[in-house]
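This report covers the nonpolar cores and the strand pairing of one chain. The sequence and the model come first.

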Amino acid sequence: MKKLEKVLLSTELFGSFYTEEIKEIIHYLSLHRFLPGQALMRKGTSGNYLGIILDGTVQVIDDETILATCSTGDILGEMSLIQSEPRNADVIANNEGEIAILAFEDLEVIKHTHPATAVKLIQVLTTS
């Protein structure tokens, strides 16, 4: 948990959160290992979650063009608060790693269990 807390606090998205708020959010994150070549997100699909890379690197690819390489602390995906749009690119793992996922459904639970933290998270998501 300390590694996850440290990574979250080092991101721009969660940088303004207090340690206690981070711990409240961590409770709702699901951790997933990924392997080289694994698709974490596919172009044309839509999802309602954020992924925070904890370890490893991934590439954002549109057809044959590499748009970005992302690593520890980078945020992937979207947290659509109104309507989710289809993704414009694939996200493919370069190597083995781990990602923490915060789904929209989890945000809804946070609203009820930790309303002040939820408000702060929604403010950050809508201004980023």
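In this predicted model, the largest nonpolar core (buried Ala, Val, Leu, Ile, Met, Phe, Trp, Tyr and Cys residues joined through side-chain atoms within 4.5 Å; buried means under 20% relative accessible area with a 1.4 Å probe, protein chains only) has 22 residues. L4, L8, F14, F17, L29, I52 and L121 have the most contacts inside this core. Two or more residues come from each of α1 (2-10), α2 (19-26), β3 (49-55), β8 (97-103), α3 (104-113) and α4 (115-127). The largest contribution is that of α4, with 4 residues. Helices (H or I, at least four residues) and strands (E, at least two) are DSSP runs, numbered from the N terminus.

Leaving aside neighbours within four places in sequence, L29 is in contact (heavy atoms within 4.5 Å) with L4, L8, I52, A100, I101 and L102. Another core, of 13 residues, lies apart from the largest one and includes I53, V58, C70 and L76.

An open sheet is formed by 4 strands in the order β2-β7-β4-β5, with antiparallel pairing; two strands pair if DSSP finds at least two bridges between them. Its edge strands each pair on one side only:

| Edge strand | Residues |
|---|---|
| β2 | 39-41 |
| β5 | 65-70 |

From one strand to the next, the twist averages 30°, taken between lines fitted to C-alpha atoms in N-to-C directions, on a scale from 0 to 180 degrees. Strand β4 (residues 58-62) pairs with β7 (residues 90-93) over 4 antiparallel bridges. Opposite I61 stands D90 in β7.

Residues are numbered from 1 along each chain as its sequence is written. Local features need pLDDT of at least 70, side-chain atom pairs count only at pLDDT 80 or more, totals for chains, interfaces and linings use all residues, and side-chain values use heavy atoms, with hydrogens and water left out.

Note on methods: Buried means under 20% relative accessible area, exposed over 50%, partly exposed in between (1.4 Å probe, protein chains only).
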